[in-house]
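Colleague: I would like to learn how to read a model like this one, feature by feature. Where do we begin?

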Number of protein chains: 2
Amino acid sequence: MAVKRIGLQTIAFGAPPHIIAASTIVGPREGEGPLAESFDTVTKTDLYGEKTPEKAEYRLLEEACQSALTKAKLPAEAVQYYLGGDLLNQIVTSSFVARQLQIPYLGLYAACATIGEGLALGAMIIDGGFAEKVLVGAASHYHTAERQFRYPVELNIQHRGTNQTTVTGAGAAILANTGQGPRVTQATLGKVVDYGLKDANDLGSAMAPAAADTLVRHFQDTGTTPGDYDLILTGDLARMGSKMLHKLLQDAGYVLGGKHQDAGQLIFSPQQKAGAGGSGAGCIASVLFGHILKEMYQGRYHKILVVPTGALFSPLTCQQGESIPCIAHALVIEEG
Amino acid sequence: MAVKRIGLQTIAFGAPPHIIAASTIVGPREGEGPLAESFDTVTKTDLYGEKTPEKAEYRLLEEACQSALTKAKLPAEAVQYYLGGDLLNQIVTSSFVARQLQIPYLGLYAACATIGEGLALGAMIIDGGFAEKVLVGAASHYHTAERQFRYPVELNIQHRGTNQTTVTGAGAAILANTGQGPRVTQATLGKVVDYGLKDANDLGSAMAPAAADTLVRHFQDTGTTPGDYDLILTGDLARMGSKMLHKLLQDAGYVLGGKHQDAGQLIFSPQQKAGAGGSGAGCIASVLFGHILKEMYQGRYHKILVVPTGALFSPLTCQQGESIPCIAHALVIEEG
């Protein structure tokens, strides 16, 4: 079989799988933001009627997955693999959802870039002939992330301007070898990039070099430039990281200009006081599978480059003085 | 392209990839066990000269990966993907190793079954035509696991007889589309199984039903029985879980008998007082890529069924009263 590779790090799918259905669910703060209309469900409270925010997070991801199946008119048995991930220790959110779904499960971790890893692997599994349909999902929750990575929200710790706000939300999509919908045509999987930054209160800046590395690699591998895409969507560099990304790409000879948007900047308005913007595995998942896919259906975008980014640290590694390793994966999504 | 599926959950690789090289490294306790001679390196101390056990764990996995590359006479650039995972929060061990390796990275989490998920996905990536070579690795460390999941070893908490001892060790292997070595010919990826057990001090019993579910599914999908394999290697059910697995399979009409071995029972002798046996992502990785592959090279085994098992809980989910979701993946490995 011909190796489906372009350049050093990019693969091109022979029969690019379609995103035949997608669903999103977010919390109340996200529901007050500029993308409110694009989400399938907005919960009235953060706890969503559950006893703990962790249980609320499981439920967000489970409902996004079930809703994607319903939209595709598929029972769970028609899907061969569920690829899921989240930010909680031992990715328990995804695993508890896998217990409910009863679909063979592949647990992933790439922090906020998890949905990128899932879409790339899901597309490989389908294009490789190992499945007809794959479900990909990711979630995060402001309260669970704050208490695990920083301080419980009840402590009311004052945030810095560089802090990002973890999105309470989930997104899920079904990839299939036949059907209607945008197609995942190429993927550039990233290496870990670490510029030595150690500030867990400014993850956007830490992740920007990883996004730049993967983008430059993608442009070089494919012989494209930012001008070849209707949109370059990163997630979640937010305000600080996006600024740095533009500078790093300029130094490498690429001008992003107005082509670039960041999921972390799209999801909250400046009036919402969400620091530098949104973050979390549920941020790009809910923005991509909500707002952006809807824009593609309406014909606004024909070919986009999606670059989920992740900061692969843990509170323990920060305490031990380690810097923050980061990663970014790039996916080309074209109208189906 | 023909879908490479057999039955409900099993895939058969069209051009099964070879395990062209593998390497293992373990700590001093494992080096005093029955498999001592099979490991490439035995460290003299648990800390391996590092300041923290976490740093020792990174180094174990990094050395296993580098040694597998050296054995295969390959520079890191010749490998297209590194698939890694471990037990630490946010799988930081694997991510720090990915930073050193500078190979595009796919982070995985399936607890002690991580190497099973990695081998299955790695084989799909190669057989699907997306890579020529893939590196798969997993690690665990007794001290890091104890202090994260239970109590720091310094507290000297008395263990129960059902407790398993997390293996300090790592294993890594290189899968390739050409070359010499045993081949991964089939994979049955598991669903999450949860019988409602909540005792984090008896994970073998919690995981046994997942192993049974995947094994029965594999036998039904492929029309095989235990008699068709020279060895069925689970990891890590240890003493309690293995007993339960035999019973569950007997109820389903399959007699495992002498065909079954468990990595957690192989790695420590009863005299070592390691509770019910070994566990951890590094247990089956070091036993499979050390002892078992060597037995295959010597012609003792021609066709084996490897079933890594994982308990997908976190300390937080236990504290919140949740039961323990478990998973098992099955891989057929045949002489190359």
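Modeller: We go from the overall fold to the pairing of chains, then to a few local backbone features. Keep in mind that this is a predicted model.

Colleague: What is the secondary structure content of chain A?

Modeller: Chain A has ten helices and 16 strands. Its C-alpha trace spans about 55 × 50 × 35 Å along the principal axes.

Colleague: How does the radius of gyration of chain A sit against the value for a compact globule?

Modeller: A compact globule of 336 residues would come out near 20 Å, and chain A, at 18 Å, agrees with that. Burial can be read alongside: 64% of the 336 residues of chain A count as buried. As for sequence separation, take the contacts in chain A between residues at least 6 apart; 79% of them join residues at least 24 apart.

Colleague: Which domains make up chain A?

Modeller: The division is into domain 1 (5-176) and domain 2 (183-334). The centres of the two domains of chain A, taken over C-alpha atoms, are 17 Å apart. Their contact draws on 58 residues of domain 1 and 56 residues of domain 2.

Colleague: Which element gives the most to the domain 1 side of that contact?

Modeller: Helix H4 (residues 114-127) of chain A, with seven residues. By class, this side of domain 1 of chain A holds 30 nonpolar, 22 polar and six charged residues.

Colleague: Now the two chains. How are the copies related?

Modeller: In general, two copies of a chain are related by a rotation about an axis and a shift along it. Here a turn of 180° with a shift of 0.0 Å along the axis lays chain B on chain A, at an RMSD of 0.0 Å. The copies are therefore related as by a two-fold rotation axis. In chain B, B:Gly128 has the C-alpha nearest the axis, 2.0 Å from it.

Colleague: And how many residues of each chain are in contact with the other?

Modeller: 50 residues of chain B are in contact with 50 residues of chain A. On the chain B side, the elements giving two or more residues are helix H3 (92-101), strand E6 (105-107), helix H4 (114-127) and helix H10 (315-319). That side divides into 29 nonpolar, 13 polar and eight charged residues. The copies meet through the same surface, because 100% of the interface residues of chain B are also interface residues in chain A.

Colleague: What should I look for in the core?

Modeller: In soluble globular proteins, nonpolar side chains tend to be buried together. The largest nonpolar core here has 242 residues, of which A:Ala68, A:Leu288, B:Ala68 and B:Leu288 touch the most other members. Beyond four places in sequence, the contacts of B:Ala68 include B:Ala21, B:Leu135 and B:Ile174.

Colleague: Where is there a cis peptide bond in chain A?

Modeller: From A:Gly235 to A:Asp236, with omega near 15°. A:Asp236 belongs to the loop between strand E11 (231-235) and helix H7 (238-251) of chain A. In chain B, a cis peptide bond joins B:Gly235 and B:Asp236, with omega about 15°.

Colleague: Then phi. Is B:Gln102, a non-glycine residue with positive phi, buried or partly exposed?

Modeller: B:Gln102, with phi near 60°, lies in the loop between H3 and E6 of chain B. B:Gln102 is partly exposed, having 13 other C-beta atoms within 10 Å. B:Ala238 also has a positive phi, near 55°, but lies in helix H7 of chain B. B:Ala238 is buried, with 32 other C-beta atoms within 10 Å.

Technical notes: Residues are numbered from 1 along each chain as its sequence is written. Chains are lettered from A and ligands numbered from 1 in the order in which they are written. This is a predicted model: local features need pLDDT of at least 70, side-chain atom pairs count only at pLDDT 80 or more; totals for chains, interfaces and linings use all residues. Two residues are in contact if their C-beta atoms, placed from the backbone, lie within 7 Å. Helices (H or I, at least four residues) and strands (E, at least two) are DSSP runs, numbered from the N terminus. Ala, Val, Leu, Ile, Met, Phe, Trp, Tyr, Cys and Pro count as nonpolar, Asp, Glu, Lys and Arg as charged, and the others, Gly among them, as polar. The radius of gyration is taken over C-alpha atoms; the globule rule is 2.2 Å times the number of residues to the power 0.38. A residue is buried if 20 or more other C-beta atoms lie within 10 Å of its own, exposed if 12 or fewer, and partly exposed in between; C-beta atoms are placed from the backbone. Domain bounds come from an automatic or database domain assignment. Copies are superposed by least squares on the C-alpha atoms of residues with pLDDT of at least 70 in both. A nonpolar core is a set of buried Ala, Val, Leu, Ile, Met, Phe, Trp, Tyr and Cys residues joined through C-beta atoms within 7 Å.
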